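Colleague: Could you take a close look at one part of this model for me, the place where two helices from separate chains meet? I'm new to this, so please spell out the terms.

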Amino acid sequence: MNWDRLRSHDDAVEGHLADGDYRHALETLVQAYQHAIVGFCHNMLSDVTHAEEVAQDIFLDAYKAMPRFRQQASVRTWLFAIARKKCLQVRRNRDRRRRIVQEKQSIIAQGAHRDAPAAPGEDPEALFQLVKQGLTQLSEEEGSLLSMRYDTGLSVADIAPILGMSTASVRRRLAQALGRLREVIDGEA
Amino acid sequence: MKHDEFSRHEDNARDLIEALGKLSRDTQASPGFSARVVAQAEQVPTPRRGALVWLMDLPLWPASPGWQVAAAALCVIVMIGAVSQYVTWIRAGLMGVPSSFLHEAQLQEQLWQKNFECATQLTQQSANYAAIAGEHVTVVTWACPSGDVLVTLESLSESDDVSRRSVWVPLDSPQKTARFFDALVPQAFAARRPQFAQRSNPVTRVICQKRVRKKLVKRRVQRANGKCEDEWIQVTNGSVVKRQPAPCDPGC
């Protein structure tokens with residue numbers, strides 16, 4: 001993600017917010033962040049169609065929250081805090097529904113088999129598939145953290161205010177999440 | 001975790017990080033996404049700044065929702081807890097006195113109202129009258145049947161209005177106190193009379209008295225030298241705000 005290119009958009013959004021011109025602020029925000037937010041939701045939800053719906057809701061939530069935007073936070077931090085909260089909420093609801101369905105179909109589920117994982121070896125694509133599968137087995141906290149840092153490309157300093165913790169804590173959790181992902185992949189392979 | 005240690009963790013997981021970086025490589029918002037969002041936004045009311053949004057702009061206002069609720073609750077408690085103080089400030093403002101003086105001002109106003117008739121009857125001939133002269137001031141006391149005592153302090157300097165005050169001293173046990181004053185005042189007055197007579201002209205009689213405004217009493221007094229004057233007393237603090245010579249008739 002080219003964050004430097006987005007900086008001018010951030011400034012424009014902040015200007016519109018300061019003027020109370022929320023409609024133009026939304027337009028600029030969507031233009032600048034639509035791909036990043038849809039990608040983030042995709043990682044969090046593993047569902048591209050649903051990700052776009054959730055991304056729309058995120059931008060609408062941001063639009064409604066614009067009067068409460070605090071100039072102390074960057075636009076990016078503020079938007080991703082809203083996105084993370086929304087995705088976690090959607091994911092929890094979805095997981096809850098899935099659990100209920102799985103409980104009802106437990107017998108069938110016992111007979112089902114999982115797709116054989118690809119062998120990572122030197123093949124980056126195989127590793128990519130394993131990482132995608134591995135992410136689903138991490139906690140939602142770990143998944144969102146890895147996605148924000150390494151896919152969306154947010155800095156540790158950007159993530160810290162989103163999660164409401166210090167940069168040292170973010171680094172520690174990122175290291176733990178990478179370790180957990182390695183364990184899961186090694187277990188799969 | 002320190003930056004160097006974290007960098008080592010990232011170096012060891014470089015392959016994972018590269019794979020993570022491709023997660024949304026094929027994920028893009030579909031064409032028309034932006035237009036759809038803007039169209040949806042047009043369906044909802046334009047957001048407005050709420051009445052308490054200024055709180056969010058305070059530099060020390062917490063960012064996390066939990067702390068915001070706690071801070072808001074604390075503000076509410078503080079504001080409710082301070083209601084009595086606000087009431088005091090408003091009342092003091094309406095009375096035109098400092099808030100720390102409000103209780104005393106209210107008390108003085110009540111005592112003037114309660115003893116208004118009695119204050120009109122002030123005369124040197126009564127056993128309830130006493131005057132004491134000191135080095136710089138004279139003190140005239142007038143005890144009412146209620147037990148309350150009107151104390152008039154006067155500077156010996158005629159031009160110094162600031163030290164001229166008439167304040168009520170409330171007493172809790174009227175009957176006992178009245179008897180006490182009956183016995184004490186004539187003796188004190190008798191003992192001090194020669195000195196007082198030589199040094200000043202204290203009030204010896206109230207000729208007439210009326211309420212000019214709610215907190216202002218005008219009274220015509222006669223002094224020990226036989227001359228009369230009108231004086232305007234601020235009832236909340238007893239200060240004489242104005243005085244002027246007047247004929248010795250009851251035409252207040």
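Modeller: Helix α3(A) passes α3(B) in a right-handed crossing; that means the near helix is turned clockwise from the far one by less than a right angle, while anticlockwise would be left-handed. Keep in mind that this is a predicted model: local features need pLDDT of at least 70, side-chain atom pairs count only at pLDDT 80 or more, and totals for chains, interfaces and linings use all residues. Residues are numbered from 1 along each chain as its sequence is written, with chains lettered from A and ligands numbered from 1 in the order in which they are written.

α3 of chain A covers residues 48–65 and α3 of chain B residues 33–43 (helices are DSSP runs of H or I, at least four residues, numbered from the N terminus). They pack at about 45 degrees with axes 10 Å apart, the axes being lines fitted to C-alpha atoms over the stretch in contact, and angles running from 0 to 180 degrees between N-to-C directions. That angle makes α3(A) oblique to α3(B), because under 35 degrees is roughly parallel, over 145 roughly antiparallel, 65 to 115 roughly perpendicular, and the rest oblique.

Who touches whom? From α3(A) come A:Glu52, A:Gln56, A:Phe59, A:Leu60 and A:Tyr63, meeting B:Phe33, B:Arg36, B:Val37, B:Gln40 and B:Ala41 of α3(B); contact means C-beta atoms, placed from the backbone, within 7 Å. By class, that's 6 nonpolar, 2 polar and 2 charged residues (Ala, Val, Leu, Ile, Met, Phe, Trp, Tyr, Cys and Pro are nonpolar, Asp, Glu, Lys and Arg charged, the others, Gly among them, polar).

Zooming out, the contact takes 35 residues from chain B and 42 from chain A. On chain B's side, α3(B) gives the most, with 7 residues.

Conventions. Helices (H or I, at least four residues) and strands (E, at least two) are DSSP runs, numbered from the N terminus. Two residues are in contact if their C-beta atoms, placed from the backbone, lie within 7 Å.
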